[in-house]
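User: Hi! I have a structure here and would like to talk through its overall build and one residue in it. Could you help?

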Amino acid sequence: MSATPLARGNSRVKEAAKLSRRSVRTERRLFLADGPKAVEGALSVDGCVVEVFATPHAADQYADLLGAAPVTLVDDRALASLSDSVSPAGVVAVCRPIDAPLEQVVQAAPRLLAICADVRDPGNAGTVIRTADAAGADAVVLAGQSVDAYNAKTVRASVGSLFHLPLAVEPDPAAAVRAAQERGLTVLAADGAGEVDLFDAGLSGPTAWLFGNEAWGLPEELAALADHRVAIPIHGRAESLNLSTAAAVCLYASARAQRA
């Protein structure tokens with residue numbers, strides 16, 4: 001641990017701050033995990049953490065969490081330059097990506113899988129990852145033009161869950177659907193106009209849920225690849241549920257059926 005906190009103008013701090021840009025993250029194959037939950041999750045994955053930047057106060061506060069991690073002390077302004085949080089917690093880790101190839105994820109014989117197609121909002125993506133983790137899902141796939149899994153808001157919204165379950169990034173959503181089906185999973189498209197009511201659907205077998213974009217849902221050609229289209233019943237006057245809420249309802253319905 002460095003004895004004198006580094007300032008915002010320090011070259012190491014400035015280079016780490018550039019990871020806020022997706023192009024730099026992609027080029028360097030590094031990203032930032034901001035806050036104690038994210039850092040704790042990253043530290044639980046062997047070889048993920050390259051370096052931890054922490055203020056002296058945070059280094060003391062989270063000493064048990066940081067353990068033998070490679071910690072570099074920075075001042076408050078330097079730490080703020082590494083965080084997009086309104087009130088930074090004082091600890092940020094530089095991490096190596098942890099996503100796995102789609103084939104590796106499906107070969108592990110998952111029983112519950114979440115496939116997100118063209119999910120653009122980083123908060124939604126992170127919340128779906130967190131929900132999938134909570135529901136006991138085996139993996140999450142970010143497919144198509146989905147938001148970068150390592151966007152700071154995605155990482156923060158996952159509250160550490162990004163590091164708890166396998167994640168695949170697949171440019172072709174149709175390939176993700178076919179890969180799941182080839183491994184024996186029933187693919188269910190979450191679709192407000194679906195022909196099957198969620199509470200009438202058979203959910204006890206291996207299942208992959210397919211979720212679409214926040215604004216326009218699933219493209220017709222992609223939804224058509226699913227084994228069934230499933231609608232969440234709306235009993236009140238709400239027009240629909242937002243993506244992360246719908247994902248929570250569907251994933252927990254499957255988790256309950258699989259554990260019954």
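User: Among contacts between residues at least 6 apart in sequence, what share joins residues at least 24 apart?
Analyst: Happy to help, and please keep in mind that this is a predicted model. Contacts here are heavy atoms within 4.5 Å. Of those in the protein chain between residues at least 6 apart, the share joining residues at least 24 apart is 78%.

User: What is the radius of gyration of the protein chain?
Analyst: The chain has 260 residues, so a compact globule would have a radius of gyration near 18 Å. The C-alpha trace spans about 65 × 40 × 35 Å along its principal axes. The value for the protein chain agrees with the globule figure, at 20 Å.

User: How many helices and strands does the chain have, and which helix holds N124?
Analyst: The protein chain has 12 helices and 11 strands. N124 lies within residues 122-134, and that stretch is helix α8.

User: Is N124 buried or exposed?
Analyst: A residue is buried when its relative accessible area is under 20%. Buried residues make up 50% of the 260 residues in the chain. The relative accessibility of N124 is 13%, so N124 counts as buried.

User: Which residue's side chain makes a polar contact with the side chain of N124?
Analyst: Leaving aside residues up to four places away in sequence, N124 touches V119, L243, S244 and E214. A polar contact needs a pair of N or O atoms within 3.5 Å. At 3.4 Å, the side-chain partner of N124 is E214.

Notes: Residues are numbered from 1 along each chain as its sequence is written. This is a predicted model: local features need pLDDT of at least 70, side-chain atom pairs count only at pLDDT 80 or more; totals for chains, interfaces and linings use all residues. Side-chain values use heavy atoms; hydrogens and water are left out. Helices (H or I, at least four residues) and strands (E, at least two) are DSSP runs, numbered from the N terminus. Buried means under 20% relative accessible area, exposed over 50%, partly exposed in between (1.4 Å probe, protein chains only). A polar contact is a pair of N or O atoms within 3.5 Å; within protein, one must be able to donate a hydrogen and the other to accept it, and residues adjacent in sequence count only if both atoms are side-chain atoms. The radius of gyration is taken over C-alpha atoms; the globule rule is 2.2 Å times the number of residues to the power 0.38.
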